[in-house]
Amino acid sequence: RYIIHLNAPGWNVIGASEVPFVGVALGHNERLAWGFTIVGTDQQDVYVEEVNPANSNEVMSKGKWEALKIVREEIKVKDGAPQTIELKFSRHGVVFHEDRKNNRAYALRTALVEPGTAPYLGGLALSQAGNCSEFLDKAAAAWKAPSENLICADVDGNIAWQASALTPSRQG
């Protein structure tokens, strides 16, 4: 964690954040103070993908074989040759394990990579709230990841709490 003070016209906020995130995740402005604790909302699912025995870069989707997205990255190695790695993605997310013997791949779908969910991005909205009503009505709704109990108090003596997180809509 690091302490940061942001001061610009209409913006005077001080608090803590974490590298590499920008803004103030928890802290105070001239009218409001806020913090958080982990709420533990489940924001990820593991999918078991059926892999095509004839092509390990395809998985079953709605009765048809679907190509995995493949990204190759070069990783520089100190005092060694660069290494190329292959990352695979199904429609559900990153493939983190391949069971070639059983033609299965395991993919992780997580709310943390959905649009607008950059970790602590909601802190920018929190730092602009002027009272607990604004905190709950606008700012807390902008908080999507990670899942947190958002707590605030304003100079008028109001205290508020809300559990905030983008949560997958699951059926079954």
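Modeller: In counting charges, Lys and Arg are taken as positive and Asp and Glu as negative, with His and the chain ends left out. Each charge is placed at NZ of Lys, CZ of Arg, CG of Asp or CD of Glu.

Colleague: How far apart are the mean positions of the positive and negative charges here?

Modeller: There are 17 positive and 20 negative charges in the protein chain, and their mean positions lie 6 Å apart. Before going on, note that this is a predicted model, where local features need pLDDT of at least 70, side-chain atom pairs count only at pLDDT 80 or more, and totals for chains, interfaces and linings use all residues. Residues are numbered from 1 along each chain as its sequence is written, and side-chain values use heavy atoms, without hydrogens and water.

Colleague: What radius of gyration does the protein chain have?

Modeller: The radius is taken over C-alpha atoms, and the globule rule is 2.2 Å times the number of residues to the power 0.38. A compact globule of 172 residues would come near 16 Å, whereas this chain has 21 Å. Its C-alpha trace spans about 65 × 50 × 25 Å along the principal axes.

Colleague: Which helices and strands supply at least two residues each of the largest nonpolar core?

Modeller: A nonpolar core is a set of buried Ala, Val, Leu, Ile, Met, Phe, Trp, Tyr and Cys residues joined through side-chain atoms within 4.5 Å. Buried means under 20% relative accessible area, exposed over 50%, and partly exposed in between, with a 1.4 Å probe and protein chains only. Helices (H or I, at least four residues) and strands (E, at least two) are DSSP runs numbered from the N terminus. The largest core has 18 residues, and Leu32, Trp34, Leu126, Phe135, Leu150 and Cys152 touch the most other members. Strand 4 (32–38), helix 2 (132–142) and strand 12 (148–154) each supply at least two residues. Helix 2 gives the most, with four.

Colleague: Is serine 61 buried or exposed?

Modeller: Serine 61 counts as buried because its relative accessibility is 10%. This serine is in strand 6 (residues 55–61). Contact means heavy atoms within 4.5 Å; leaving out residues up to four places away in sequence, serine 61 touches Glu66 and Arg91.

Colleague: What does tyrosine 106 touch?

Modeller: With residues up to four places away in sequence left out, its contacts include Val46, Tyr47, Val94 and Phe96. Tyrosine 106 belongs to strand 11 (residues 104–110), and its 23% relative accessibility is why it counts as partly exposed.
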